[in-house]
Amino acid sequence: QQFLHGEDQLRARVAFALSQIVVISNSAGDLRPHGMSSYWDMLNRHAFGNYRDLLEAVTLHPAMGYFLNMLGSQKENPATGTHPNENYAREILQLFSIGLVRLRADGSPETDTAGQAMATYDENVVKGYAQAFTGWAFGDEDNTNPERFRRGDENEESNWTVRMKPWAVWHSSGEKRLLDGRVLPAGQTIEQDMKDALDSVFAHPNVGPFIGRQLIQRLVTSNPSPAYVAR
C-alpha cells in the first residue's frame with residue numbers, strides 16, 4: 001500500500017533501501033509478523049534522520065534482537081564456559097556500518113606498505129562489542145525479575161513492538177575493547193556501554209563511504225564513481 005498509493009514515495013524508497021542494509025528475515029526461526037511490521041514502521045520513521053539514531057533503533061528493536069540473537073545475550077560465565085552471543089556484534093560492524101576493510105572517503109580501500117587492504121577490526125573487537133551488547137531482552141517484561149530475561153513471552157504482541165529493555169544483572173561488567181583501540185572501562189552501566197559502543201561505530205570514518213555508496217546504489221545508480229561517493 002505504501003509503495004503503490006502512498007504520498008511519501010521518497011520515504012518509502014529510502015526505507016526500502018535501508019531494509020536491504022540493516023536486514024532482518026523470517027527465513028530462520030519464528031520472527032512474529034508484529035515484529036516485522038513494527039521494524040518496517042521504524043525504518044519509515046528514521047528514513048530521513050541521523051544514521052546514529054537509526055543504528056540505535058535497529059540495535060534495540062526486538063525483531064533485530066531476535067534475528068541476530070542479541071535478545072537474551074548474557075554476560076560470560078567462566079564456570080560454565082559460556083560467553084556473549086557474537087552474531088549482532090559481527091553484523092553491525094561488517095554489514096550495518098563499516099565493513100571489513102578501512103576505506104578512503106571515495107570508498108576505495110586503504111592499503112598498507114605491502115599494498116594489502118587494512119582490516120577494520122579483529123576478533124577481540126567483535127568480542128568487545130558482544131560484551132557491550134549483553135543484557136537486553138523483551139521490552140514489555142519485568143526487568144526486576146532476572147528470570148523474565150530468559151523467559152520472555154514471545155506470544156505477547158507488545159514484546160515485538162517496543163524496544164528492548166536492559167537487565168543489568170545479565171550485563172557483562174568488565175572492560176570491553178572496541179574499534180581503533182578504544183576500551184570501555186569496567187563497571188559502566190548497561191545503558192552507558194550501549195551508548196558508547198554505538199557512538200564508536202557511528203564515529204568511524206568508514207560509515208560515510210560504506211553506507212553512502214550503498215544508498216547511492218539503491219536510490220541513484222548501481223555503479224557510482226569514486227568521485228561521486230567522495231562528494
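Buried means under 20% relative accessible area, and exposed means over 50%. Keep that cut-off handy for the exercises below, which use a predicted model.

**Exercise 1. Work out whether T134 is buried or exposed, and list what surrounds it.**

Step 1: Find the spot. T134 sits in the loop between α7 (123–132) and β1 (136–137).

Step 2: Apply the cut-off. T134 has 0% relative accessibility, so it counts as buried.

Step 3: Look for polar partners of its side chain. A polar atom there lies 2.7 Å from the backbone oxygen of Q131. On the other hand, the backbone nitrogen of S172 is 2.9 Å from a polar atom of the T134 side chain.

Step 4: List the contacts, skipping neighbours within four places in sequence. T134 touches S73, Q74, K75, P84, W170, H171, S172 and I190.

**Exercise 2. Classify two aromatic pairs, Y129 with F133 and F149 with W170.**

Step 1: Know what to look at. A pair of aromatic rings is described by the distance of the centres and the angle of the planes. The structure holds 9 aromatic pairs.

Step 2: Take Y129 and F133. Their centres are 6.1 Å apart with 45 degrees between the planes, and the pair is tilted. Both residues are buried.

Step 3: Now take F149 and W170. Here the centres are 5.6 Å apart and the planes sit at 15 degrees, so this pair is stacked.

Step 4: Place the second pair on the chain. F149 is in the loop between β1 and β2 (165–166), while W170 is in the loop between β2 and β3 (176–177), so the pair ties together parts that are 21 residues apart in sequence.

Step 5: Check burial. F149 has 3% relative accessibility, so it counts as buried. W170 is buried as well, because its relative accessible area is 14%.

Step 6: Look for a group of rings. Y88, F96, Y129 and F133 are linked into a cluster by ring pairs.

**Exercise 3. Find the residues with the most contacts inside the largest nonpolar core, and say which helices supply it.**

Step 1: Start with the general idea. In soluble globular proteins, nonpolar side chains tend to be buried together.

Step 2: Pick out the core. The largest one has 51 residues, and those with the most contacts inside it are Y39, Y51, Y88, L93, Y129 and F133.

Step 3: Trace the helices. At least two core residues come from each of α2 (9–19), α3 (33–46), α4 (51–59), α5 (62–67), α6 (87–94), α7, α8 (190–202) and α9 (207–219).

Step 4: Zoom in on L93. Beyond its neighbours within four places in sequence, L93 is in contact with I98, G99, Y121, V125, Y129, L179 and V201.

**Exercise 4. Describe the whole chain, starting from its helices and strands.**

Step 1: Count the elements. There are 10 helices and 4 strands, and along the sequence they follow the pattern α-α-α-α-α-α-α-β-β-β-β-α-α-α.

Step 2: Judge how compact the chain is. Its radius of gyration is 18 Å, close to the 17 Å that the globule rule gives for 231 residues, so the chain is as compact as a globular protein of that length.

Step 3: Add burial and contacts. Buried residues make up 42% of the 231 residues. Of the contacts with a separation of 6 or more, 63% involve residues 24 or more positions apart.

**Exercise 5. Decide whether G181 is buried or exposed.**

Step 1: Locate G181 in the loop between β3 and β4 (183–184).

Step 2: Use the cut-off again. With a relative accessible area of 54%, G181 is exposed.

Step 3: Compare two positions. G181 and M164 are 17 residues apart along the chain, and their C-alpha atoms are separated by 28 Å.

Key:
Residues numbered from 1 in each chain as written. Predicted model: local features only at pLDDT ≥ 70, side-chain atom pairs only at ≥ 80, totals over all residues. Heavy atoms only, no water. Buried < 20%, exposed > 50% of the residue type's maximum accessible area, 1.4 Å probe, protein only. Polar contact = N/O pair within 3.5 Å; in protein donor to acceptor, adjacent residues only side chain to side chain. Contact = heavy atoms within 4.5 Å. Phe/Tyr/Trp six-rings, centres within 6.5 Å; stacked < 30°, edge-to-face > 60°. Rg over C-alpha atoms; globule rule 2.2 N^0.38 Å. Core = buried A, V, L, I, M, F, W, Y, C linked by side-chain atoms within 4.5 Å.
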